[in-house]
Every structure is written in structure tokens, then in C-alpha cells.
Amino acid sequence: MAQIYLLVAGVMLCSIPAYSLGWNLPRSHSQENKDVFQHLEQMQRIPSQWCLKDRTDFKFPWKRENITPIQVTQGTCHHRLMLQQIFNLFTTEDSRAAWSNTLLDKLLSSLHLRLHRLEQMKKDHLDCRDLGRAAREYFHGIHVYLKAKEYSPCAWEVVRVEIKRCLSLM
């Protein structure tokens, strides 16, 4: 019965429109984001509900109420920084040991394409120092968590779900 409530809660959360930092990206970028999200979805190896005891708050650094006007104008920079950190997370040897290489390669290929396109559209060389620091601290927390959990399948599942959440908020 509890699993049904978790499923309903998950569906409700996924149906809420995600908040955007306010930058306008072309439609092709939206499709590329969907591709990354879909690859992450396909990587699920174990049911998430098996890992409820392993959940943690990674303290995603941006919330609707604390986004500054400067960060809104730096949306492309923020997006690129976060995707780069996600790419770095999934290119580790520990990640290779945890996931199907075929699915992981598809994810990395989509992330690489996305990063390449964002780099091409970068018009202004905006200073992303504060954004970069927040992104690095967030992903450092993820790396520390994985190491503490000894890169267990449940730890990777918790991280996979967190990265999906992160992408849905971007």
C-alpha cells in the first residue's frame, strides 16, 4: 500500500511544471534535454523504492525563491556548468562499474552533444564564478555520498534519481 502512495506522489511531482531560470533555449535544446533525461530513465537497474533508506538531501543549490536576477541572465552558463558536472560524474570508473556500458555511453553521448551545443550558443562570456562554486559543492556532496555508501547499487540509484530531479529543475 505504501508503494502505491509513493508512486502517486512521484507522478504528482513529475506532473508539476518544472521551474526554469528564465532563459530561452531553442526547441532542439529541449529535445536534447529530453534525450538525456530518457537515457537516465533507461539506466534504472533496481526499483527506487528498494533504496528509500539510502535517500539523502543533496541540497540542490537553486530554489525558486533564491534565484537572483543575475543568475536568471546567466541561465546558459548555469545549464552548461550543471551538465558538465553530470558528465564528469558519469565518466568515472566507479560509474562504469555500476551501469551498463551501452546505456552509459548513450547518456554520455547525449550529454556531450548538449554541452557542445551550449558552448556554440554562448554569446557572452558571463562570469559564472558563484554559479560554478555552487555546482561544484553540490556535486562534491554527491561524490562524498557515493564514496560513503561504497558505490552500492542503491547509492547509484539514489544519485540517478537526484540527477533526474536536477535536470527537471534546469
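**Exercise 1. The chain as a whole**

What does the accessible surface of the chain come to, and what percentage of it belongs to carbon and sulfur atoms? Determine also the secondary structure and the share of buried residues.

*Solution.* The structure is a predicted model, in which local features need pLDDT of at least 70 and side-chain atom pairs count only at pLDDT 80 or more, while totals for chains, interfaces and linings use all residues. Residues are numbered from 1 along each chain as its sequence is written, and side-chain values use heavy atoms, with hydrogens and water left out.

Step 1. The accessible surface comes to about 10300 Å², calculated by the Shrake-Rupley method with a 1.4 Å probe. Carbon and sulfur atoms account for 56% of this surface.

Step 2. The chain has eight helices and zero strands. Here helices (H or I, at least four residues) and strands (E, at least two) are DSSP runs, numbered from the N terminus. The order of elements from the N terminus is α-α-α-α-α-α-α-α.

Step 3. Of the 170 residues in the chain, 38% are buried. Buried means under 20% relative accessible area, exposed over 50%, and partly exposed in between (1.4 Å probe, protein chains only).

Step 4. Among contacts (heavy atoms within 4.5 Å) with a separation of 6 or more, 86% are between residues 24 or more positions apart.

**Exercise 2. Leu89 and the nonpolar core**

Is Leu89 buried or exposed, and which residues does Leu89 touch, not counting residues up to four places away in sequence? Describe then the largest nonpolar core.

*Solution.* Step 1. Leu89 lies in helix H4 (residues 75–90). Its relative accessible area is 0%, so Leu89 is buried.

Step 2. Leaving out residues up to four places away in sequence, Leu89 touches Ser95, Ile142, His143, Leu146, Trp156, Val159 and Ile163. The C-alpha atoms of Leu89 and Phe139 are 7.9 Å apart, although 50 residues separate them along the chain.

Step 3. With the same exclusion, Ile142 touches Phe58, Leu89, Val159, Glu162 and Ile163.

Step 4. A nonpolar core is a set of buried Ala, Val, Leu, Ile, Met, Phe, Trp, Tyr and Cys residues joined through side-chain atoms within 4.5 Å. The largest one has 35 residues, of which Ile86, Phe90, Ile142, Val159 and Ile163 touch the most other members. At least two residues each come from helix H2 (27–42), H4, helix H6 (101–121), helix H7 (129–148) and helix H8 (153–169). The most come from H8, which supplies eight residues.

**Exercise 3. Salt bridges**

How many salt bridges are there? Examine three of them.

*Solution.* Step 1. A salt bridge is a side-chain nitrogen of Lys or Arg within 4 Å of a carboxyl oxygen of Asp or Glu. The count by this rule is seven.

Step 2. Lys149 pairs with Asp54 in a salt bridge, the closest N and O atoms being 3.0 Å apart. Lys149 is in the loop between H7 and H8, and Asp54 is in the loop between H2 and helix H3 (69–73), 95 residues apart. Lys149 is partly exposed at 30% relative accessible area, whereas Asp54 is buried at 9%. Lys53, Asp54 and Lys149 are linked in a network of salt bridges.

Step 3. Arg165 and Glu162 meet in a salt bridge of 3.1 Å, N to O. They are three residues apart in helix H8, so about one helical turn separates them. Arg165 has 35% relative accessibility and therefore counts as partly exposed, while Glu162 is buried at 8%.

Step 4. Asp57 forms a salt bridge with Lys59, with the closest N and O atoms 3.8 Å apart. Asp57 and Lys59 are both exposed.
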